[in-house]
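Work through the exercises below with the sequence and the model side by side. Each task is followed by a solution in steps.

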Amino acid sequence: MHRLNTVQICVYLTAGVLLSACGGGSGNDQPGSNLTQPLPSVTFTRVLNQSADKNTVETYAVGDLNGDGLDDVVIGGWTGGTNYLAIMIQSPDGSLTDRTVALAGTNQYPGSNHIFIADFDHDGHADIWLPGDDDRVASTSSVILWGSASGVFARQTVDSGVHSQGACVSDLNQDGHVDVLIMGVYNRNVNTYGYYLNNGNRTFSPLVANQHVNGGSACATIRDSITGHIAIFQAGNSQMPGFQDSISIVDSQLNLIKQVAIPRQDAALAGITGVKEIDANGDGLLDFVITYEAWTPGAAGRKEVWLNQGSDNFAYAHTLDSYNSTGNIVAFVYKGDQYCYFAGPNGEAVLYRRENGRLVPHMRESFLSMARALGARPGIKDWSVWSSTVYRGSAGLYMLQHVTQGYYTQKL
């Protein structure tokens with residue numbers, strides 16, 4: 001029987017306690033943020049039963065794994081060697097318990113840059129897709145964990161030797177089964193762009209090579225409900241002359257209709273690390289939000305909104321901020337409000353909420369206060385604030401952060 005490890009520390013903040021430019025971040029207050037609001041206390045809980053094993057780069061997925069209506073959290077990533085998985089199950093009080101070994105048998109796996117939670121076999125139980133990537137140091141297998149009524153997952157290797165640096169999921173052929181798009185790379189020199197079709201019986205087709213239907217180095221998809229066309233945002237695959245990044249519009253038969261260029265708004269940016277579909281302005285159409293990293297260590301990053309204008313058209317709208325991001329983006333709706341969380345180390349993570357047709361920072365000081373209370377130094381690149389995400393519980397929203405020597409949660 002584990003005892004909840006809960007700590008409460010009083011923290012008083014004034015307008016003078018503001019995060020300055022984080023590794024090149026702007027440090028400016030944003031409309032709707034609570035950067036200067038006083039918070040009387042910080043209450044956080046250490047994740048129970050957590051392992052000391054940790055990846056060099058971490059990625060998160062959030063979803064209900066056991067059908068209890070509460071978000072659970074899956075953490076993976078890559079190290080360039082032995083890679084680790086964590087399956088954290090939420091309790092009714094919002095706390096998390098690491099149950100990886102009990103549910104999956106082992107916490108080791110080939111590594112991944114993305115994680116997807118969905119019912120891939122339509123049996124009513126959530127499954128976990130882990131598209132293989134270990135920073136392209138060697139051929140990496142993709143793994144799927146098939147869910148069950150007991151909550152225990154059955155492990156299956158889906159493919160071997162195909163890297164999935166970029167990956168996203170979509171029902172490409174509209175057969176009711178979730179398919180997987182990847183950008184595969186063999187040992188850094190042979191691209192294997194394409195997708196896997198889900199057969200619905202716990203099997204997938206061999207990789208279908210396609211230069212325009214694939215994951216790129218980061219990807220997301222939006223299907224037009226009227227035409228059936230699919231907009232596939234593809235970073236880094238250079239399939240549109242003159243541009244590293246583009247949106248491919250394909251028809252229901254996956255034939256290319258057109259491409260939309262994604263020009264760099266800042267030449268100093270290295271590349272797109274993440275992209276997510278979300279209704280950013282509340283007009284009922286899904287848009288793309290994207291994150292860039294900088295070429296120079298310590299320089300500013302960038303987050304952009306590309307609005308869906310309808311009729312297969314997308315256009316740059318505005319920049320959200322200049323904080324760096326790992327590219328791990330979580331979008332969700334809670335009590336009718338649209339949220340979008342951009343993970344980032346060293347205190348550069350930002351949660352946004354849509355207000356009056358625009359995404360604005362939300363409860364940012366809560367993340368920073370929790371990190372400081374645990375001995376971390378957000379804004380200093382010492383990696384004491386490592387990785388994080390946001391999840392929904394019965395009592396509200398919660399944040400999960402790896403701070404100093406472990407994972408901790410706190411209600412927002």
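Strands here are DSSP runs of E with at least two residues, and helices are runs of H or I with at least four, both numbered from the N terminus. The model is predicted.

**Exercise 1. Place Ser 238 relative to the strands, and state its backbone angle and exposure.**

Step 1. Ser 238 sits in the loop between strand S18 (230-235) and strand S19 (246-250).

Step 2. Phi of Ser 238 is near 50°, which is a positive value in a residue other than glycine.

Step 3. The relative accessible area of Ser 238 is 45%. Partly exposed is the class between under 20% (buried) and over 50% (exposed), so Ser 238 counts as partly exposed.

**Exercise 2. Do the exercise again for Asn 356: which loop holds it, and is it buried or exposed?**

Step 1. The loop between strand S27 (350-355) and strand S28 (358-361) contains Asn 356.

Step 2. Phi of Asn 356 is near 55°, again a positive value in a residue other than glycine.

Step 3. Asn 356 has 84% relative accessibility and therefore counts as exposed, the cut-off being over 50%.

**Exercise 3. Describe the surroundings of Thr 221.**

Step 1. Thr 221 belongs to strand S17 (residues 218-223).

Step 2. With a relative accessible area of 10%, Thr 221 falls under the 20% limit and is therefore buried.

Step 3. Leaving aside residues up to four places away in sequence, Thr 221 touches a set of residues including Cys 168, Leu 181, Ile 232, Glu 277 and Phe 288.

Step 4. Ser 170 is also touched by Thr 221, and a polar contact of 3.4 Å joins the two side chains.

**Exercise 4. Which elements contribute to the lining of the second largest cavity, and how do its residues divide by type?**

Step 1. The structure holds 4 cavities of 30 Å³ or more. The second largest cavity has a volume of about 50 Å³.

Step 2. Helix H2 (364-373) and strand S29 (385-393) are the elements that give two or more residues to the lining of this second largest cavity. H2 supplies the largest share, 3 residues.

Step 3. Among the lining residues are Glu 348, Phe 367, Leu 368, Ala 371, Val 385 and Ser 388.

Step 4. By type, the lining of the second largest cavity has 6 nonpolar, 4 polar and 1 charged residues.

**Exercise 5. How many helices and strands does the protein have, and what share of its residues is buried?**

Step 1. The secondary structure comprises 2 helices and 31 strands.

Step 2. Of the 412 residues, 56% count as buried.

Terms used: Residues are numbered from 1 along each chain as its sequence is written. This is a predicted model: local features need pLDDT of at least 70, side-chain atom pairs count only at pLDDT 80 or more; totals for chains, interfaces and linings use all residues. Side-chain values use heavy atoms; hydrogens and water are left out. Buried means under 20% relative accessible area, exposed over 50%, partly exposed in between (1.4 Å probe, protein chains only). A polar contact is a pair of N or O atoms within 3.5 Å; within protein, one must be able to donate a hydrogen and the other to accept it, and residues adjacent in sequence count only if both atoms are side-chain atoms. Contact means heavy atoms within 4.5 Å. On a 1 Å grid over the protein atoms alone, a cavity is a set of points where a 1.4 Å probe fits but cannot get out, and a pocket is an open set with protein on both sides within 12 Å along at least five of seven lines; lining residues have an atom within 4 Å of a point. Grid points are joined across faces, edges and corners, and a volume is the space filled by probe spheres set on the points. Ala, Val, Leu, Ile, Met, Phe, Trp, Tyr, Cys and Pro count as nonpolar, Asp, Glu, Lys and Arg as charged, and the others, Gly among them, as polar.
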